[in-house]
Amino acid sequence: MSQFLLHFSHRHHHIVQFARYVSIGGIMLVLNLLLVWIFVQFGGMHYLVASGIAFVLESVAAFFANRKYTFKSTTHFRHGYMKFITIAFYSFLAVLIITYGLVHFLAFHYVWARTFSTIVTGFIGYFLDMKITFRV
């Protein structure tokens, strides 16, 4: 019975952790999309340039939120952020490629394309951040 409870507790921990990651990711997605929209609508920027600037702005907030709230890690900022930003950068490249493809080849609106691409890369990012960035 204690093995079952231990297994259940471990599984519950990961479910809660993933839910927190998704919550923070959702907040960061809304922030990112809002910034992209503002930059495109009011700044006259190309949506890919706007996505790049929004990525930089929200990545710092995402690191601190995930470090404290999701993974409850004591990872040092400089060391952890370098890993975080590297994973985020490659995820961002994937987001741009997917977004570009959806907009230009499938005629998606850029906001919907960006949303879809973020969801796809978000799952991979969770596992990489858990194991590499925050080592939990």
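This is a stop-by-stop tour of a predicted model, with a selection to make at each stop.

**Whole chain**

Start with the whole protein in cartoon view. The secondary structure amounts to four helices and zero strands, and the order along the sequence reads α-α-α-α. Aligned to the principal axes, the C-alpha atoms occupy a box of roughly 60 × 35 × 20 Å. Colour by accessibility next: 39% of the 136 residues count as buried.

**Three spans to draw**

Draw a C-alpha distance from Tyr81 to His12. The two are 69 residues apart along the chain, and 27 Å separates their C-alpha atoms. Tyr81 belongs to helix 3 and is classed as buried, because its relative accessibility of 14% falls under the 20% cut-off.

Now draw the distance from Gly122 to Glu58. Here the separation along the chain is 64 residues and the C-alpha atoms are 14 Å apart. Gly122 sits in helix 4 and is partly exposed, at 27% relative accessibility.

For the third span, select Thr115 and Val95. These residues are 20 apart along the chain, with 9.1 Å between their C-alpha atoms. Thr115 is also part of helix 4; its relative accessible area is 15%, so it counts as buried.

**The nonpolar core**

In soluble globular proteins, nonpolar side chains tend to be buried together. To look at this here, show side chains for Phe55, Phe63, Phe71, Tyr81, Phe84, Tyr126 and Phe134. These have the most contacts inside the largest nonpolar core, which has 16 residues. Which helices supply it with at least two residues each? Helix 1, helix 2 (47-70), helix 3 and helix 4 each do. The largest share, six residues, is from helix 3.

**Aromatic rings**

Keep the side chains on and display every Phe, Tyr and Trp. There are 21 aromatic pairs in the model. Zoom in on one of them, Phe18 with Phe123. The rings are stacked, with centres 5.7 Å apart and 20 degrees between the planes. The pair joins distant parts of the chain: Phe18 lies in helix 1 (residues 2-41) and Phe123 in helix 4 (residues 110-133), 105 residues apart.

Are these two rings on buried or exposed residues, or in between? Phe18 is partly exposed, at 23% relative accessibility. Phe123 is likewise classed as partly exposed, at 45%.

Extend the selection from this pair. Phe18, Tyr21, Phe63, Phe64, Phe71, Phe77, Tyr81, Phe84, Phe123, Tyr126, Phe127 and Phe134 are connected through ring pairs into a cluster. Some names recur from the previous stop: Phe63, Phe71, Tyr81, Phe84, Tyr126 and Phe134 are listed among the residues with the most contacts in the core and also among the cluster members.

**A charge over a ring**

Select Arg20 and Tyr69. The charged end of Arg20 is placed over the Tyr69 ring, 5.1 Å from the ring centre.

**A nonpolar surface patch**

Switch to a surface and colour Tyr100, Phe105, Leu106, Phe108 and Trp112. Together they make a nonpolar surface patch of about 620 Å². Helix 3 (residues 77-106) contributes the largest share, three residues. Phe105 is one of the patch residues and is located in helix 3. Why is Phe105 called exposed? Its relative accessible area is 65%, and exposed means over 50%.

**Two loop residues with positive phi**

Return to the backbone for the last two selections. Most residues other than glycine have a negative phi, and most peptide bonds are trans.

Select Lys72, in the loop between helix 2 and helix 3. Its phi is positive, about 45 degrees, although Lys72 is not a glycine. The residue is exposed, with a relative accessible area of 55%.

Then go to Ala107, in the loop between helix 3 and helix 4. Ala107 has a positive phi of about 60 degrees, again without being a glycine. Its relative accessible area of 67% places Ala107 in the exposed class. With the patch still coloured, Phe105, Leu106 and Phe108 can be seen in the selection made for the surface, and the tour ends here.

Definitions and conventions: Residues numbered from 1 in each chain as written. Predicted model: local features only at pLDDT ≥ 70, side-chain atom pairs only at ≥ 80, totals over all residues. Heavy atoms only, no water. Phe/Tyr/Trp six-rings, centres within 6.5 Å; stacked < 30°, edge-to-face > 60°. Buried < 20%, exposed > 50% of the residue type's maximum accessible area, 1.4 Å probe, protein only. Lys NZ or Arg CZ within 6 Å of the ring centre and 35° of its normal. Patch = residues over 30% accessible without salt bridge, like charges linked within 9 Å, V, L, I, M, F, W, Y side chains within 5 Å. Areas by Shrake-Rupley, 256 points an atom, 1.4 Å probe, with all protein chains shown as cover. Salt bridge = Lys/Arg side-chain N within 4 Å of Asp/Glu carboxyl O. Core = buried A, V, L, I, M, F, W, Y, C linked by side-chain atoms within 4.5 Å.
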